[in-house]
Amino acid sequence: MERWDHLLRNGRLATLATLVEGGVPYGLIPRGAVALRGGRIAWVGPDSALPAGATATTEEDLEGRLVTPGLIDCHTHLVWGGDRIAEFEQRLSGVPYAEIARQGGGINSTVRATREASEEELFGSARRRLQNLLAEGVTTVEIKSGYGLDTETEARMLRVARRLGAESPCTVHTTFLGAHAVPPEYKGDADGYLALVIDQMLPRVVAAGLADAVDAFCEGIAFSAEQVDRLFTAARGHGLPVKLHAEQLSNLGGAALAARHSALSADHLEYLDEAGVQAMAAAGTVAVLLPGAFYLLRETQKPPVELLRRHGVPIAVATDLNPGSSPVHSLLTAMNLACILFHLTPEEVVAGVTLEAARALGVQDAVGTLEVGKRADLALWDAEEPAALVANLGLNPGAGRWVAGRFLPRGEG
């Protein structure tokens with residue numbers, strides 16, 4: 001006889017499971033049940049198919065409300081100091097993002113403020129940002145470093161991210177992004193700075209267990225494909241997977257380079273060409289689309305969504321939450337923007353913040369769908385249809401979430 005911790009009945013389950021008979025959109029079970037035991041999903045299926053005699057310590061009638069996997073924001077820069085409000089006004093007056101960066105603004109302006117901030121200050125501001133995401137049903141977040149650009153501050157940012165994961169009801173994946181920009185003290189010497197990243201920062205981060213992956217910014221205002229190749233070779237030598245900011249402002253072949261290193265993801269991709277798409281498809285590298293940056297930078301070159309579909313490249317969606325190019329504090333907003341600006345379907349977007357976002361972090365065996373054995377991270381919505389998560393801009397229909405089997409009402413955590 002089955003004995004469960006919790007049994008959730010009479011819900012509309014958007015399982016997002018890939019092996020759903022008949023290819024039902026969203027993997028939807030119109031009147032379904034989910035059983036939780038030991039922080040994992042122990043049973044999922046139609047309410048009418050519950051095993052005879054099964055019991056649970058607690059049982060809840062969901063009254064037809066929607067349940068999805070917990071949402072995953074797979075690309076954020078959530079830890080930083082200061083702000084870049086002046087830069088927002090510059091962009092509105094027509095100054096391009098690349099020009100702002102060349103003038104010492106952009107990433108390097110945040111570097112100055114982040115270096116000056118204490119660990120407690122960084123933690124306090126980051127925690128407030130994280131809570132906005134959690135209120136929208138997010139249960140897993142990726143957080144990058146990259147606003148320190150020196151050994152001590154990069155480590156401090158990653159310690160803050162680890163602490164957020166330890167003290168908040170969510171799972172945090174950390175990414176070392178030391179190769180985000182060339183800091184002022186290395187101006188004109190990108191190779192010299194990259195040597196510092198590879199020879200000092202990376203070993204320090206690995207030894208302290210602070211990073212789950214390594215990222216870089218492959219762009220004319222940052223690092224070349226050849227430089228990133230050296231970093232990725234070192235990262236994989238340390239046993240860390242890689243991901244890449246690629247083809248955001250131009251095409252340097254970054255996505256193809258990332259694919260050669262079996263990257264988890266290549267992100268942004270506005271200038272991605274078909275050769276890069278084919279390389280990503282062959283490697284299983286996920287395309288992470290970031291409509292917030294596209295919108296706020298007022299870009300016009302869109303990612304090649306049709307090419308990605310045609311070649312079967314998985315598509316994820318994320319906020320790119322950062323202080324400058326994408327101060328988007330809402331994953332639900334990013335989902336709406338992905339539909340409106342990039343013409344993704346609501347089903348692609350919901351999959352993009354669950355199943356495919358999990359794939360972009362390399363954790364698809366643990367989260368991202370409602371399937372037996374996966375962690376019991378679920379989101380509950382005051383809605384009936386999954387498209388309701390995408391269709392309404394500025395409305396949060398979240399009613400709560402389960403994190404490893406523990407229920408947290410909206411507003412808690």
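How many cavities of 30 Å³ or more does the count come to? The count comes to 2. Before we visit them, please keep in mind that this is a predicted model.

## The two cavities

Let us start with the largest cavity, which has a volume of about 100 Å³. It is lined by 13 residues, and those closest to its centre are Tyr97, His180, His245, Asn322 and Ser325. Sorted by class, the lining of the largest cavity holds 7 polar, 4 nonpolar and 2 charged residues.

The second largest cavity contains about 50 Å³ of space. Around it you will find Leu134, Ala135, Glu136 and Gly137, along with Leu380, Gly398, Ala399, Gly400, Arg401, Arg410 and Gly411. Strand E15, which covers residues 398-403, gives the most to this lining, with 4 residues. The lining of the second largest cavity divides into 4 nonpolar, 4 polar and 3 charged residues.

## The largest pocket

Next come the pockets. The largest pocket offers about 440 Å³ of space. Its lining is made of 22 residues, and nearest the centre of the pocket lie Ala101, Arg102, Asn108, Val182 and Ile221.

Two helices are worth finding here: helix H2 (97-102) and helix H3 (107-116) each supply at least two residues of the lining of the largest pocket. The largest share, 3 residues, comes from H3. By class, the lining of the largest pocket has 10 nonpolar, 8 polar and 4 charged residues.

## The second largest pocket

The second largest pocket has a volume of about 160 Å³. Among the residues that line it are Trp80, Gly82, Asp83, Arg84, Ile85, Phe88 and Arg91. Others in the lining include Arg129, Pro323, Gly324, Pro327 and His329.

Helix H1 (residues 85-92) gives the most to the lining of the second largest pocket, with 3 residues. The classes in this lining are 5 nonpolar, 4 charged and 3 polar residues.

## Helix H4 meets helix H5

Now for the helices. Two packed helices are described by the angle between their axes and the distance between the axes. For helix H4 (residues 119-134) and H5, the axes come within 10 Å and cross at roughly 50°. H4 and H5 are therefore oblique to each other. The crossing in which H4 passes H5 is right-handed.

To trace this contact from the H4 side, look for Glu119, Glu120, Leu122, Phe123, Ala126, Arg127 and Leu130. From the H5 side, the contact is made by Arg156, Arg159, Val160, Arg163, Leu164 and Glu167. The contact of H4 with H5 has 7 charged and 6 nonpolar residues, and no polar ones.

## Helix H5 meets helix H6

Helix H5 (residues 151-167) also packs with helix H6 (residues 190-207), at an angle of about 35°. The axes of H5 and H6 are 10 Å apart, and H5 passes H6 in a right-handed crossing.

On H5, the residues in this contact are Thr151, Glu152, Glu154, Ala155, Leu158 and Arg159. They meet Leu196, Gln200, Met201, Arg204 and Val205 in H6. The residues of the contact of H5 with H6 comprise 5 nonpolar, 4 charged and 2 polar. Arg159 is a good place to pause: this H5 residue is listed in the contact with H4 and also in the contact with H6.

Technical notes
Residues are numbered from 1 along each chain as its sequence is written. This is a predicted model: local features need pLDDT of at least 70, side-chain atom pairs count only at pLDDT 80 or more; totals for chains, interfaces and linings use all residues. Side-chain values use heavy atoms; hydrogens and water are left out. Axes are lines fitted to C-alpha atoms, for helices over the stretch in contact, and angles run from 0 to 180 degrees between N-to-C directions. A crossing is left-handed if the near helix is turned anticlockwise from the far one by less than a right angle, and right-handed if clockwise. Contact means heavy atoms within 4.5 Å. Ala, Val, Leu, Ile, Met, Phe, Trp, Tyr, Cys and Pro count as nonpolar, Asp, Glu, Lys and Arg as charged, and the others, Gly among them, as polar. On a 1 Å grid over the protein atoms alone, a cavity is a set of points where a 1.4 Å probe fits but cannot get out, and a pocket is an open set with protein on both sides within 12 Å along at least five of seven lines; lining residues have an atom within 4 Å of a point. Grid points are joined across faces, edges and corners, and a volume is the space filled by probe spheres set on the points. Angles under 35 degrees count as roughly parallel, over 145 as roughly antiparallel, 65 to 115 as roughly perpendicular and the rest as oblique.
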